[in-house]
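Let's look at this one together and ask how each label is earned. Each answer sets a value beside its cut-off.

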Amino acid sequence: MYSHGSESLIKQAREIQDSELQKFYSRLVKLLQGKELGYETVDSLQRLHLILSANKYIRTLPPELQKRLQSLLSSPAEPFQVLSSAVLRETLPPAAHSGNYSQENIVQLNSHAVALLLSQAGSRADVSSLCTQLLRGLESRQSEGPTNSLSHTLPILNTILTHNPGCLTEDHVTLLSKKLVDWLRYASILQGGGASSGGFFTGPRSRQPVPIAELDGTVSGDFFTVLCVGQSFTEDQWMNVFSFSALRHWLLTYHSVSNGNADTDDRSEVDGSVVSMVSVTSSCGRLLPPKERLREKSFQYCQRLIEQSDRKAHKKSDADLQKACLVEAVCILDCVCEEDASLVFRAFPCIKALFGRLSSDLSFARVLLPIAQFYLNHGEMAAVDCGSVWALVFGRFPSELFSDPFLAHELLRFLRLNLESLQLRVPQYTHSFPNLLKFLAWDSPAVVDDFVDLLPSLVTAGTAVELLHTLLDLPCLSATLVLQVRSTCLPISEQSGRGLLSLDAFRSPSFRGLFLFLLRGQAGSGDTIDRLSTLHELLVETADWPRVVQCAQIVPVLLHIFFNTVITVADEKLLAHLILVMLERSSLLLNIPKYNKEIHRVFSSHLLRLCKLHPSLVMDQSHELLEFSGATANVYSKEEIYTHVVWVLGEYLSVSCDSRCSVTLITSCFEALEAVLFEITSSVPPPGADCPAPRVVTTLMSALAKLASRSHDLIPRVSLFLSKLRTVTRDGSVAWCSDEEDLVAIVTRGEELWSLLKAPGVAQSVLTPPAHVTTPQWHRDTNVALPLRLRTLTNLTHSH
């Protein structure tokens with residue numbers, strides 16, 4: 001965790017003697033008494049913080065040092081504010097610490113000083129008292145305090161509201177809501193200071209106030225907003241900016257405050273500022289309560305911002321500011337409409353016009369997401385058609401902007417926050433997974449957590465089969481996206497370097513259909529590609545590309561989530577189809593190191609689980625399972641899944657699991673497995689292949705023994721093979737098993753099965769025991785003696 005040097009410093013800090021520490025305190029006090037605080041002071045404060053934080057005991061500083069550190073909280077240099085606040089947090093809170101900040105200087109607190117006060121507050125009442133002092137400071141006029149006296153107040157209150165909203169009372173909410181109205185709507189429309197018109201007699205007396213301007217340079221004809229520009233700003237204009245920054249958080253969380261004085265809304269208006277009194281009347285001629293006034297003025301402010309965003313900004317930074325303010329404005333409109341549904345019908349024309357203006361320009365994609373949120377929340381109430389919005393969000397965004405990490409984060413966050421609403425109200429959502437998965441294929445590590453949460457919502461009875469194919473082809477999609485980007489960046493004929501065959505194939509009309517299927521935007525055009533093996537051959541050189549490798553690593557995780565979800569939504573017919581897909585796709589995977597084995601491992605575990613939940617699936621897919629298990633090549637190339645297929649055949653191909661099972665089917669299965677077992681134990685492995693795994697051999701023997709125990713005519717054939725196996729292995733090693741211990745284990749298993757089959761009745765009960773034996777509930781059966789014994793032992797233990 002720590003470097004050797006860091007551990008040494010921490011050890012020294014913990015072992016410092018008290019006498020040495022007192023000397024250090026005295027030296028630090030002398031440094032803090034100096035007129036100029038330099039590097040030595042900073043270094044000493046850092047050492048003091050290390051000493052205090054490295055010790056598990058809280059120390060009390062000398063009063064003089066405590067006083068000096070408190071005075072540093074208001075230092076003009078921020079490093080001293082940070083260090084003094086950090087040191088004081090590690091000490092015992094001084095008595096009546098909050099009393100050191102009177103009403104005269106409470107508005108001068110910076111964020112570091114308030115963080116200290118909040119950390120040392122003993123109760124909610126202390127924090128509430130601090131809020132009261134801060135809010136009283138807001139009521140002072142500009143001439144009563146320093147120029148920037150209010151600059152830290154709103155961030156401080158915002159911090160308090162975030163961590164402890166319960167400490168604010170209804171009176172606090174009323175007062176702050178009124179102040180926000182004044183700052184948002186009635187800030188000065190003249191620039192701060194003065195502006196000179198030039199000339200020989202230019203001087204302070206000749207400077208006249210100049211009105212604020214819009215971003216396009218024209219003089220503003222409306223109230224001040226964050227998108228207004230000027231040479232300098234007045235304090236109330238700065239508070240306008242701060243208020244807009246804190247407004248959405250305030251609207252979202254001020255409902256969490258204490259409701260001890262719920263009737264103050266209406267009568268507090270009488271005590272409002274002069275500006276507030278003149279500002280608002282309702283259409284009925286009555287004064288609106290502060291919360292409603294704040295909603296109304298927030299609504300007007302955001303509408304003005306949307307109007308200002310249509311102006312052509314001269315600077316790129318101003319254009320970026322316009323986009324950021326648009327995002328915030330639409331989010332605030334969404335908040336006020338959530339609180340007051342009557343505002344929806346006033347807001348929708350503005351939002352609809354904004355969407356129409358921006359929807360053709362994908363550079364505004366991050367602005368369009370809050371608009372989509374607005375449509376999702378209020379489109380049903382306003383009875384508007386949202387189809388064009390979802391076509392953009394689920395269509396063009398992932399298709400054309402999959403490489404934008406910021407959009408990926410915000411779009412996936414939008415989906416996670418609105419998952420239930422999207423599933424209920426947006427049918428395009430579940431069919432858009434081919435597009436949404438492009439974010440995952442492009443940058444798997446960054447978005448895998450999002451898709452772990454989103455994937456279950458995309459699994460339905462109608463999408464399950466195609467989604468499974470798409471997940472398995474995710475590395476192919478990753479490679480195709482890379483090729484798409486390279487195709488637009490690189491010339492068709494490269495002047496230098498080795499050409500990419502896959503890139504040539506991507507550009508070739510002959511294979512264009514394969515890649516277009518991978519790049520499709522919606523589900524429903526087909527489950528998979530007919531020429532999948534051809535596609536894998538074209539993409540063989542992409543198997544070691546970093547994006548493709550990263551993508552392949554997360555596919556097994558997603559497959560586990562897929563199968564865990566699909567068993568809750570699929571019927572047996574669909575599950576039988578999925579088993580067929582697993583068998584088919586086990587040999588149709590992009591050849592990436594370790595990828596095939598991981599996929600086979602996932603298939604194996606879930607094949608076992610599906611058959612255990614629905615044993616009749618083995619009967620439904622018996623033809624395909626027998627065909628798969630009868631192919632000897634699968635023993636060497638698909639050991640994991642082959643072993644489990646053989647096991648489920650031996651375990652569930654029985655009349656007790658499905659009445660449709662016949663002796664003929666059992667015999668045909670026996671003969672197929674017998675042929676494979678005889679072939680792999682009587683010949684050397686194919687060139688380039690390893691010896692068959694001992695688990696495969698023993699599973700085949702066990703499956704044959706189980707099938708023979710259900711059809712006694714087959715027992716002699718199994719017994720003959722097992723006896724021959726024992727005879728062959730007596731002479732030493734064999735060609736199909738290179739490890740002596742494995743061979744001994746195989747022979748031992750064969751002898752056990754051979755001994756069992758001598759008594760067919762016993763063999764069937766041992767190899768395929770009935771359910772009441774494998775899952776006993778004797779402790780619940782009143783007809784056996786075990787419940788009586790348990791009750792007796794319970795009474796004996798409880799009697800003490």
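Q: How many disulfides does a search of the whole structure find?

A: Zero disulfides turn up in the whole structure. The term needs a pair of cysteine sulfur atoms within 2.5 Å. Before going on, note that this is a predicted model, where local features need pLDDT of at least 70 and side-chain atom pairs count only at pLDDT 80 or more, while totals for chains, interfaces and linings use all residues. Residues are numbered from 1 along each chain as its sequence is written, and side-chain values use heavy atoms, with hydrogens and water left out.

Q: How do you know that C476 is in no disulfide?

A: Its nearest cysteine sulfur belongs to C551 and is 9.2 Å away, and a disulfide calls for sulfurs within 2.5 Å, so C476 is in none.

Q: Why is C476 called buried?

A: Buried means under 20% relative accessible area, exposed means over 50%, and partly exposed is in between (1.4 Å probe, protein chains only). C476 has 1% relative accessibility, so it counts as buried. C386 gets the buried label too, with a relative accessible area of 13%.

Q: What makes E90 partly exposed?

A: E90 has 29% relative accessibility, so it goes in the partly exposed class. You'll find E90 in the loop between α5 (78-89) and α6 (111-119). Helices here are DSSP runs (H or I, at least four residues; strands are E, at least two), numbered from the N terminus. Leaving out residues up to four places away in sequence, E90 touches H49, L52, S53, I58 and R59, where contact means heavy atoms within 4.5 Å.

Q: Is S654 buried or exposed, and how do you know?

A: With a relative accessible area of 7%, S654 is buried. S654 sits in the loop between α33 (639-652) and α34 (663-680). Setting aside neighbours within four places in sequence, S654 is in contact with C661 and R710.

Q: What makes the link between the side chains of S654 and S656 a polar contact?

A: The two side chains are joined at 2.9 Å. A polar contact is a pair of N or O atoms within 3.5 Å; within protein, one must be able to donate a hydrogen and the other to accept it, and residues adjacent in sequence count only if both atoms are side-chain atoms. So 2.9 Å meets the distance cut-off.

Q: Why is α22 called largely enclosed by the rest of the structure?

A: Nine of the nine residues of α22 (residues 464-472) are buried, so the label follows. Those buried residues pack against α20 (433-442), α21 (444-458), α23 (474-489), α27 (546-569), α28 and α29.

Q: Why is α28 called roughly antiparallel to α29?

A: Helix α28 (residues 572-585) and helix α29 (residues 595-613) pack at about 155 degrees, with axes 11 Å apart. Angles over 145 degrees count as roughly antiparallel, under 35 as roughly parallel, 65 to 115 as roughly perpendicular and the rest as oblique. That makes α28 roughly antiparallel to α29. On α28, L575, I579, M582 and R585 meet F603, L607, L610 and C611 of α29.

Q: What makes α16 and α17 roughly antiparallel?

A: Helix α16 (residues 365-382) and helix α17 (residues 387-401) pack at an angle of about 150 degrees, with their axes 10 Å apart. So α16 is roughly antiparallel to α17. Residues in this contact include A365 and L368 of α16 and V389 and W390 of α17.

Terms used. Axes fitted to C-alpha atoms, helices over the stretch in contact; angles between N-to-C directions.
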